[in-house]
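Visitor: I am new to reading protein models, and I would like to be taken slowly through a single part of this one. Could you choose one helix for a close look and then show me what surrounds it in the rest of the chain?

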Amino acid sequence: MARKRRSTTLHLPGIRSGLSVRDAQSAGGQPFALVASPDTGDHTVVLAVWPGTSPDLDLWCHSWLQSVELVSNSPDITAVTAVWDRNGDNEVARLGVTFRAAAKQHRDLDEHAVEIGRRLPNLLGSLAQSGLVSDPLPEERIAAWISDAYTGHLTADENIPTWPGCGPITPHETRDWFSHDGYVSASWVHQPADTVTPEVHAMLTQTNASRARVAITYRPTNEEGTMLERFLVSTTLTDFDAEPSTTTIRSEHLPLGARLAARRGFDRNAELFAASLGVGVLLPEHGTVAEHPSRPYHRTEEAA
């Protein structure tokens, strides 16, 4: 009897595209992992990033914008997702850089890993010039990051789940929220995206929720596809065994424009959660709804 082949694809709630991963090495000998969405030919490098001089969130925002400008002259970069995550008193930042395999041979993950590895030192150098220290994450650290987001705690090194198993064990989505392994998350989309200024960004991350994550995705927007601009800004709040309060999002301390621009991710909380991790999940193409997340949507009984 033939042995059943073990799956190497990660399936996240709300996402129709499975994700695979491959460890690779840059031209400078630095290990990194490439997360692939075979359906669209998107391959993502995930970086741990932190400022070289100050943890001030306003400075982080300014540095991110400079970094996006530095990498925008690479036409195959289809998205850059900057993530700020606060879990209790612990704050981390991630940067997901997604390359779309334009050439046929680059749709092969191994071939594209060699090409991206050749260019990775220049990318890291451009980030360093803007004051950001960056570290490409290998497979086990990306898996640990995903597992931590869904389970609410860091996983010990010896217990890091395999790639296909690093998602939630018991996910469930309703119109208002997304529950995962005892935690409950709700997401908001900020549209227009420029209403999240550095000051607003700082307020959104310092909420009363146990965990808060702000993700900004930049996509090509001009005719040549060489300028990256804000495409999607989301805030995801997480609490244990209770729906996060909307008080902070509607706080009078936020400017009126920012309050009006924050829209609940009704029926799309699971896919917004996945996209906010910066691991190569892009909306709308990887989600189950073929519209920008800022568009009102109501999942019918048949679609649920």
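Guide: What follows is a walk along one helix, and after that a shorter look at some strands and at one residue in a loop.

Please keep in mind that this is a predicted model, in which the chain has 6 helices and 12 strands. The helix for our close look is α2, which covers residues 109-129. A useful check is to compare its length with what a helix should give: at 1.5 Å a residue, the 21 residues of α2 should span 30 Å, and because the C-alpha atoms at its two ends lie 29 Å apart, the two values agree. That agreement does not make α2 straight, for the helix bends by about 40° at R119, and a proline, P121, follows within four residues.

Now consider which residues of α2 are hidden. The buried ones are L109, H112, A113, E115, I116, G117, R119, L120, L123, L124, S126 and L127, so R119, where the bend is found, is itself on that list. An α-helix has 3.6 residues a turn, so residues three or four places apart point the same way. With that in mind, you can follow L109, H112, I116, L120, L123 and L127 along the helix, all of them among the buried residues. After α2 comes G131, whose phi is positive, near 95°.

Turning to the strands, β11 (residues 228-240) is joined to β9 (residues 183-190) by 7 bridges, and these two run antiparallel; one of the pairings to look for is V184 with D239 in β11. Strand β10 (residues 211-220) also runs antiparallel to β11, to which it is joined by 10 bridges, and here R213 has T236 of β11 as its bridge partner.

A last stop is R268, placed in the loop between β12 (262-264) and α6 (269-275). With a relative accessible area of 1%, R268 falls under the 20% cut-off and therefore counts as buried. Its side chain makes a polar contact with the side chain of E271 at 2.6 Å, and the R268 side chain also reaches the backbone oxygen of H292 at 3.2 Å.

Stepping back to the whole chain, 55% of its 304 residues count as buried. Among contacts with a separation of 6 or more, 69% come from residues 24 or more positions apart. The chain exposes about 14,100 Å², of which carbon and sulfur atoms supply 51%.

Notes:
Residues numbered from 1 in each chain as written. Predicted model: local features only at pLDDT ≥ 70, side-chain atom pairs only at ≥ 80, totals over all residues. Heavy atoms only, no water. Buried < 20%, exposed > 50% of the residue type's maximum accessible area, 1.4 Å probe, protein only. Polar contact = N/O pair within 3.5 Å; in protein donor to acceptor, adjacent residues only side chain to side chain. Expected span 1.5 Å × (residues − 1). Bend = angle between axes of the 7 residues up to and from the residue. Pairing = 2+ DSSP bridges. Contact = heavy atoms within 4.5 Å. Areas by Shrake-Rupley, 256 points an atom, 1.4 Å probe, with all protein chains shown as cover.
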